[in-house]
Amino acid sequence: MRDTGYDAVIIGAGPAGLSAALVLGRSRRSALVVDGGAGRNSTAAGVHGLLACDGMNPDALRAAGREQLAEYPEIRLREGRVRAVDGDRGGFTVVFEDGGPVNARRIVLATGVVEDLPGIAGLAERWGKSVLGCPYCHAWEFRGRPLAVLATEGRQDVVFAAQLTRWSQDVTLCANGFPLSAEDEALLRKRAVRVRPEPVRGVEGPGDEAERVAFREGEPVDCAAVFVHATTRQADPLAGKLGCVLQDDGTVRIDDVGFTGVPGVYAAGDLARRESCPSGMTFVVTAAAMGFVTATAVDHELFREELD
């Protein structure tokens, strides 16, 4: 392996990128992993639903992954950000904001997404701690305690609040001015979810803990956690610049093995989604699994190319 030439450059060092690098390393492929900094879940108290790592700190998980990659001499890591990717399949040039460029036969995008939280006081500083997005990842830790759902999308939030009653019998939907249909109200009554229709002023509590949701009018609602659907966007514009197709939810369209449709370019993790997969299915375990699958696809494609 030359210092400037690789079978693949993996842009992103979260669970998807590190998993792809691990598989390529075990396949005796050369790969450079570009680590652009803290991951999407770095503010979370722990990673959940990942077998044998349930509750592990997200940064500790990334550090453990990087440490395991050290066993594979053909895998290298580089801190920094990619400015551009030029060329095409078999002859990409990756240009960095700092330092010299490198060449790659294939590109794996694993740059992830970032959340855009509603502009309500108290959300951002508690995100990942007591303001949360995923019940499968975080509701267990708050089971049996009062929960609030902050509406941002309408019908989806009604179903979200009803779903949370499996973890707590004390759930309040903060409708935040969104109108509710008769069907919505019937579902909420059936699941004994209380509704506060007033616009929300903010989430309050000591430090990163949520203790209550305050409204512009009326008494606050006590809660131990607030759940909210945050919209997401690409963390890096590279996918669009490379010509990848972005779907309605902003994710990169991929096939079953992570191919984007752009020759030589693959994607794995939160930034990408198969059309058959529901939007929002962004879990650490699925990102790591997709990194594995994508790496095998890259290896197979390179091998077939080498036979010609």
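1. Let's start with a term you will need: two rings of Phe, Tyr or Trp (for Trp, its six-membered ring) form an aromatic pair if their centres lie within 6.5 Å. By that rule, the structure holds 4 aromatic pairs. Please keep in mind as you read that this is a predicted model.

2. A good pair to look at is Phe160 with Phe227. Their ring centres are 5.9 Å apart and the planes make an angle of 80 degrees, which is an edge-to-face arrangement. Phe160 belongs to helix 4 (residues 155-164) and Phe227 to strand 15 (residues 225-228), so this pair ties together parts that are 67 residues apart in sequence. Are these two rings buried or exposed? Phe160 counts as buried, at 4% relative accessibility, and Phe227 is buried too, with a relative accessible area of 0%.

3. Now turn to Phe259 and Tyr266. Their ring centres lie 5.6 Å apart with the planes at 55 degrees, so this pair is tilted. Phe259 has 26% relative accessibility and counts as partly exposed, whereas Tyr266, at 4%, is buried. While you are looking at rings, find Tyr136, Trp167 and Phe283 as well, which form one aromatic cluster.

4. Rings can also have a charged group over them. Which ring does Arg78 lie over? Arg78 lies over the face of Phe96, at 3.5 Å from the ring centre. In a second example, the charged end of Arg143 sits over the ring of Trp140, 3.8 Å from the centre of that ring.

5. Next, the nonpolar cores. The largest has 31 residues, and the members that touch the most others are Val9, Val85, Ile107 and Leu109. Strand 6 (residues 102-109) gives this core its largest share, 4 residues. Try selecting Val9 in your viewer: leaving aside neighbours within four places in sequence, Val9 is in contact with Leu32, Val34, Val94, Val102, Ala104, Arg106, Ile107 and Val108. Apart from the largest core lies another, of 19 residues, with Ala20, Ala21, Ala295 and Leu302 among them.

6. Helix 7 is worth following from end to end. This helix covers residues 284-307, 24 residues in all, and spans 35 Å from its first C-alpha to its last, close to the 34 Å expected at 1.5 Å a residue. Which of its residues are buried? They are Val284, Ala287, Met290, Gly291, Thr294, Ala295, Ala297, Val298, Asp299, Glu301 and Leu302. When you look for a pattern in that list, it helps to know that an α-helix has 3.6 residues a turn, so residues three or four places apart point the same way. Two names in the list, Ala295 and Leu302, are also members of the 19-residue core.

7. Strand 7 (residues 113-116) shows alternation nicely. Val113 and Glu115 point to one face and are buried, while Val114 and Asp116 point to the other face and are not. Strand 7 runs antiparallel to strand 16 (residues 231-234), and 4 bridges join the two. The bridge partner of Val113 in strand 16 is Gln234.

8. Finally, look at a small piece of sheet architecture. Three strands form an open sheet in the order 12-13-14, with antiparallel pairing. Strand 12 (200-204) and strand 14 (221-222) are the edge strands, each pairing on one side only. Strand 12 pairs with strand 13 (residues 212-215) over 4 bridges, and Gly202 stands opposite Ala214 in strand 13.

Key
Residues numbered from 1 in each chain as written. Predicted model: local features only at pLDDT ≥ 70, side-chain atom pairs only at ≥ 80, totals over all residues. Heavy atoms only, no water. Expected span 1.5 Å × (residues − 1). Buried < 20%, exposed > 50% of the residue type's maximum accessible area, 1.4 Å probe, protein only. Pairing = 2+ DSSP bridges. Phe/Tyr/Trp six-rings, centres within 6.5 Å; stacked < 30°, edge-to-face > 60°. Lys NZ or Arg CZ within 6 Å of the ring centre and 35° of its normal. Core = buried A, V, L, I, M, F, W, Y, C linked by side-chain atoms within 4.5 Å. Contact = heavy atoms within 4.5 Å.
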